[in-house]
Amino acid sequence: MHTLLITGPGGAGRTTVAAATALAAARHGRRVLLLSGDVGDPLAALTGEEPVPGLRVARVDSGEEFREELVALQERGSALLAMVGARPLGAEELTELPGAEQFALLRALRRAAAAPGTDLVVVDMPPLHQTLSTLALPAQLRRYLARLLPAEKQAARALRPVLAQLAGVPMPAQWLYEAAARWDEELAAVQAVVEADTTELRLVAEPGPAAADALRLGRLGLALHQLPVRDLVANRTLPRDCADPWLAGLAAQQEKYAAEWAGEVPVVTLAHLGRDPRGPQDLERLAAADGLLPAPPAPRGAWAVEDRLAADGVLVWVVPLPGAHKSDLDLVRRGDELLLTAGPYRRIVPLPAALRRCTVSGAALTAGELRIRFTPDPGLWPRAQ
């Protein structure tokens, strides 16, 4: 199943583009699920009340998700709560906390990817920076769980069931590790969807200097997390032949930035309708634009390790970071991991097996690639016979 995540700088029209993308695919015979987490269901004003064959629309209710999850968590820990004298909260008392939207969207994404009878899932994501933090969340939380609650260090695993029977309640450590195992399983399922070859992103931006700055940093973060960008929709573009001098200048500026983006990523152009899109007729016009129909995804490329031992005595790990500036970057080696910083984004990545037996000997940014040099450690590197 193909999953296409639609995001971009705030106010660029990503919800409209998501709806138009889903409609274009449905009109070409694909079974499409359009998923949105926006409050107020703005998709309803675009898709209308008449059903479109092959198109289903669903909205993520983060408040309901939060209440269900917390009530279920209380039920699983009811014995422990009773032991410490705590009173469980009722569902009607619960209001969602900050961050609940992210978790609800990720769960919905996992369910949608596993839903039968669907060829394409189009997801109306939050603005670009928030999308990045949301998609990075499963891997980050799994790392925290493994570090703070490592399964191999669960003391007295064999004794805990016996102690629990004697005490009459689940032991806190047992309950905590069981909860961590459930969380890790769910996070792993979401991470698998995010990192699948069939998941990619479509960026939406209105051509201009502010969007260019936001996209440079956003694409940098996406590259750092190895999230592939399928294309970029240059939205609300004005016609070249505007009679009004002010509009003509704005059209020229849009064309300039769209051309620059086209040199880096495939660009799909959507014309300005002269008003905010409203209703199925406007959506049909946008859905008919060339290039909006998504093609099947391509396999993701891994970060390559170049063997330059014979020539230079080093291995080079090539990390593509398009649009990066030297001042954006930092890296720190910690054991078998590398902490990479690119602009406002940070990621901790495990080193490939061969590089774990090496020391970092330098790095350079060349043509949008961070090339990290590793020199074999004589004490760890296999000796030639």
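Buried means under 20% relative accessible area, exposed means over 50%, and partly exposed covers what lies in between (1.4 Å probe, protein chains only). Keep that in mind for the views below.

**View 1. The whole chain, a predicted model with 12 helices and 14 strands.** Residues are numbered from 1 along each chain as its sequence is written. In this predicted model, local features need pLDDT of at least 70, side-chain atom pairs count only at pLDDT 80 or more, totals for chains, interfaces and linings use all residues, and side-chain values use heavy atoms, with hydrogens and water left out. Helices (H or I, at least four residues) and strands (E, at least two) are DSSP runs, numbered from the N terminus. Of the 385 residues in the chain, 41% are buried. The accessible surface comes to about 20200 Å² (Shrake-Rupley method, 1.4 Å probe; for residues, only the protein chains shown count as cover), and 56% of that surface belongs to carbon and sulfur atoms.

**View 2. Two stretches where the pLDDT is below 50.** The pLDDT is the predictor's confidence in each residue, from 0 to 100. Its mean over the chain is 85, and 79% of the residues reach 70 or more. Over residues 155-159, though, the pLDDT is below 50, and beyond near neighbours in sequence this stretch has 2 contacts in the model (heavy atoms within 4.5 Å). Residues 162-169 also have a pLDDT below 50, with 7 contacts beyond near neighbours in sequence. Where pLDDT is low, the predicted coordinates should not be read in detail.

**View 3. Glu200 in strand β5.** Strand β5 covers residues 199-205. Is Glu200 buried or exposed? Glu200 is buried because its relative accessible area is 6%. Leaving out residues up to four places away in sequence, Glu200 touches His2, Thr3, Leu4, Leu5, Pro228, Arg230, Ala295 and Pro297.

**View 4. The hairpin of β13 and β14.** Strand β13 (residues 358-366) and strand β14 (residues 369-376) run antiparallel and are joined by 8 bridges; two strands pair if DSSP finds at least two bridges between them. Look for Thr366, which stands opposite Glu369 in β14. There are 2 residues between the strands, and Ala367 takes a positive phi near 50°.

**View 5. Two cysteines, Cys242 and Cys358.** Cys242 counts as buried because its relative accessibility is 16%. Cys358 is buried too, with a relative accessible area of 3%. How many disulfides does the chain have? Counting pairs of cysteine sulfur atoms within 2.5 Å, the answer is 0.
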